[in-house]
Amino acid sequence: MKALLLVIAAYHLALAGWMALAPVSFAVQVAGYPPQAPHFLGDLATYNAAFAVGLALAALRPAWRLPVLAIVAIQFVLHAVNHLLDIGETSPGYTGPVNFVLLALAAGALIVLTQRATKQG
């Protein structure tokens, strides 16, 4: 669990860096919901950075695993639902369904990890 949490933390840190340092690139490659707003992507980067810190701490502190994973899982479920609601609004059009499926799969994986943390705690 420790190694997996560190990998997920690194992913969120990399995502935060991409959003903060190259928001236009992120918007074009991933977030094809017009209009593009670099400041808003910078705001979203702060959430991903916070997830990275929380997940890294949870990797090192087993008592943190359940609450941190639960919060991250809830966010991914809500994020997936939001993408489902706007699935046809992306440009190019295929990114809406692809983003939804990837978010839903990630949400499912995080729910499984949360359940495992419940059993370990």
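**Pocket lining and buried positions in the helical model**

Helix H5 contributes the largest share of the lining of the largest pocket, with seven residues. The model is predicted. About 940 Å³ of space lies in this pocket. Its lining comprises 33 residues, and those closest to the pocket centre are Met 19, Phe 26, His 79, His 83 and Leu 103. Five helices each give two or more residues to the lining: H1 (2-21), H2 (23-29), H3 (38-60), H4 and H5 (95-120). Helix H4 spans residues 62-85.

His 79, one of the residues closest to the pocket centre, is found in helix H4. Its relative accessibility is 29%, so His 79 counts as partly exposed. Along the chain, His 79 and Asn 99 are 20 residues apart. Their C-alpha atoms are separated by 10.0 Å.

Ala 106 belongs to helix H5, the helix that gives the pocket lining its largest share. Ala 106 counts as partly exposed because its relative accessibility is 24%, and the buried class requires under 20%. Val 77 is 29 residues from Ala 106 in sequence. The C-alpha to C-alpha distance between Ala 106 and Val 77 is 8.6 Å.

Leu 41 sits in helix H3. With a relative accessible area of 7%, Leu 41 falls under the 20% limit and is therefore buried. Beyond its neighbours within four places in sequence, Leu 41 is in contact with Met 19, Pro 23, Phe 26 and Ala 27. Two of these partners, Met 19 and Phe 26, are among the residues closest to the centre of the largest pocket. Asn 82 lies 41 residues from Leu 41 in sequence. In space, the two C-alpha atoms are 16 Å apart.

Further along helix H5 are Thr 114 and Ala 117. Thr 114 has a relative accessible area of 13%, so Thr 114 is buried. When residues up to four places away in sequence are not counted, Thr 114 touches Leu 66, Leu 69, Ala 70 and Ala 73. Ala 117 is also buried, with a relative accessible area of 6%. On the same basis of counting, Ala 117 touches Met 1, Arg 65, Leu 66 and Leu 69. Leu 66 and Leu 69 thus appear in the contacts of Thr 114 and in those of Ala 117.

The contact between Ala 117 and Arg 65 joins positions 52 residues apart in sequence. Their C-alpha atoms are 6.2 Å apart in space. Arg 65 lies in helix H4, whereas Ala 117 is found in helix H5.

Arg 65 is buried yet has no salt bridge. The nearest side chain of opposite charge belongs to Asp 43, 30 Å away. A salt bridge requires a nitrogen-to-oxygen distance within 4 Å, so Asp 43 is out of range. The side chain of Arg 65 instead reaches a backbone atom: the oxygen of Ala 58, at 2.9 Å. Ala 58 also appears among the contacts of Arg 65. Leaving aside neighbours within four places in sequence, these contacts are Met 1, Lys 2, Leu 5, Ala 58, Ala 59, Ala 117 and Gln 120. Met 1 is in contact with Arg 65 and is touched by Ala 117.

Notes: Residues numbered from 1 in each chain as written. Predicted model: local features only at pLDDT ≥ 70, side-chain atom pairs only at ≥ 80, totals over all residues. Heavy atoms only, no water. Helix = DSSP H or I, 4+ residues; strand = E, 2+ residues; numbered from the N terminus. Buried < 20%, exposed > 50% of the residue type's maximum accessible area, 1.4 Å probe, protein only. Lys, Arg positive; Asp, Glu negative; His and termini not counted. Polar contact = N/O pair within 3.5 Å; in protein donor to acceptor, adjacent residues only side chain to side chain. Contact = heavy atoms within 4.5 Å. 1 Å grid on protein atoms, 1.4 Å probe; cavity = no way out; pocket = protein on both sides within 12 Å on 5 of 7 lines; lining within 4 Å. Points joined across faces, edges and corners; volume = space filled by probe spheres on them.
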